[in-house]
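Here are a few friendly notes to read alongside the model. They follow one theme, the place where two domains meet.

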Amino acid sequence: MKAPAFGYLRPASLAEALALLQSHPDAKLLAGGQSLLPALNLRLSQPSHLIDIGRLAELCGISVQQGRLRIAALTRHAELQASPLIAQAAPLLHAAIQHVAHPAIRSRGTIGGSLANADPAAELPACALALQARIDVLGPGGARSIQACDFFTGLFETALGSDEILAAVEIDTPCEGAVFGFQELARRSGDYAIVGLAAAGRVEGGALAELRLAYFSVGATAILATNAAACLLGTAADPASLSRAEAALAQDLDPPDDLQASSATRLHLARVLLRRVVSSMMPQQRLAA
Amino acid sequence: MIAITLTVNGETIAAQVEPRTHLVDFLREQLGLTGAHLGCEHGVCGACTIRVDGAIVRGCLVLAAQADGSVVETIEGLSDSGEISDLAQAFIDRNALQCGYCTPGMLIAAQDLLLHDPSPTREAIREHLSGNYCRCTGYHAIIDAVQATARAREQA
């Protein structure tokens, strides 16, 4: 279908964008448009205006300062994928980004747009959870930061105020022993995952000292499987511990049924991913494989 | 209406567009460039693939208003310049099209891969074309055509 009629505004600065957002309460921000335009074409959204922030230089750039990686909101998926800085400072994002849609969509889609859209099947919100990212937002009252675990509040819902703009995402650069894993299962490469897992942890003396398992496409938001992770802490992800974690996953996830897969299938696949991803994160098991 | 100025296949175009007009509809309806096809209109099928500022995009997921100031290239431009004549001939030789609906998008996406990776593996070709649906060929002939073009270009 075609999108419904709307007005189009292109502010020249971030300050102007914030002012437009206040004076147009039914407007939506347009960044890369790779989720918003499908929603408009399907008439799932009918904003009065689109405020096109896609060219604001203030929202561009990737940098590392004092051990923190800062990715500005308009960083496109294709930029993330090609960035040597991301490959080195955020291996999880580097691994995940190739699974985000297709080349012709990665060339336009942005990290800020993906996080603000909060699609439960999207890769980047799960990565933000696993990496304990901090999301920096700007509003009429100034800047504030929101922890990823507080940011995603529901199905396509976030803690972002209607008069605020997501400015950047910040994550710690990897510490000693940091390990990451990412896998998803989809019918066609680049399509929304049936189930996916973004994991971050730390290995100390051959055992997992930290582990965050962020599942996506299993509920209204990406979900941290804390019970399953607890079963693996202090272990070397041996077969017995992995089995305990797989069993505990039923306490963490209650996936929905849909056309792609039943709840039981999703839980089964989540367990398959648990074993594969956690095993891939353990140095000695990588060698054994 | 919004005033836009952009370059389409090397020609500077000034036009008035409605905000809701997609770039592919602007190209097809206002400029008569009907080579980019409309399939799903929500970014799934890849039939509307075009090039904007050197990168491939979904023509149905970009507004004409967003393309103000951009350099746009369509299958007509790539054909007329001869940039993809060998790739198009390989599609014919390998029977890599039947109805032809997906073909303009396939050719632009395949050329994008060959520009960035001159000798791709079959897996890399499949991955790069994964966002372009073909309902006729079963894809094998398309992969063959892209690989044959890569090999021929390397030997040229």
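1. Let's begin with charge pairing: in this predicted model, zero salt bridges are found across the interface of domain 1 of chain B and domain 2 of chain B. Polar contacts are another matter, with five residue pairs counted between domain 1 of chain B and domain 2 of chain B, both residues at pLDDT 80 or more.

2. Which elements of domain 1 should you look at? β3 (49–52), β4 (55–58) and α2 (75–80) of chain B each supply at least two residues of the side that touches domain 2 of chain B. The largest share, three residues, comes from β3(B). Sorted by class, this side of domain 1 of chain B has eight nonpolar, seven polar and two charged residues.

3. To place these pieces on the chain, note that domain 1 of chain B covers 2–78 and domain 2 covers 84–155. Their centres, taken over C-alpha atoms, are 22 Å apart.

4. How many residues are in contact? On the domain 1 side of chain B there are 17, and these meet 15 residues of domain 2 of chain B.

5. Now for the area. The two domains of chain B bury about 1,300 Å² between them, and carbon and sulfur atoms account for 62% of it. In domain 1 of chain B, the residues that lose the most area to domain 2 are B:Ile56, B:Ile75 and B:Leu78, which together make up 36% of what that side buries. These three are good residues to find in the viewer.

Conventions:
Residues numbered from 1 in each chain as written. Chains lettered and ligands numbered in written order. Predicted model: local features only at pLDDT ≥ 70, side-chain atom pairs only at ≥ 80, totals over all residues. Heavy atoms only, no water. Domains from an automatic or database assignment. Contact = heavy atoms within 4.5 Å. Buried area = accessible area lost by both parts, 1.4 Å probe. Salt bridge = Lys/Arg side-chain N within 4 Å of Asp/Glu carboxyl O. Polar contact = N/O pair within 3.5 Å; in protein donor to acceptor, adjacent residues only side chain to side chain. Helix = DSSP H or I, 4+ residues; strand = E, 2+ residues; numbered from the N terminus. Nonpolar A, V, L, I, M, F, W, Y, C, P; charged D, E, K, R; others polar.
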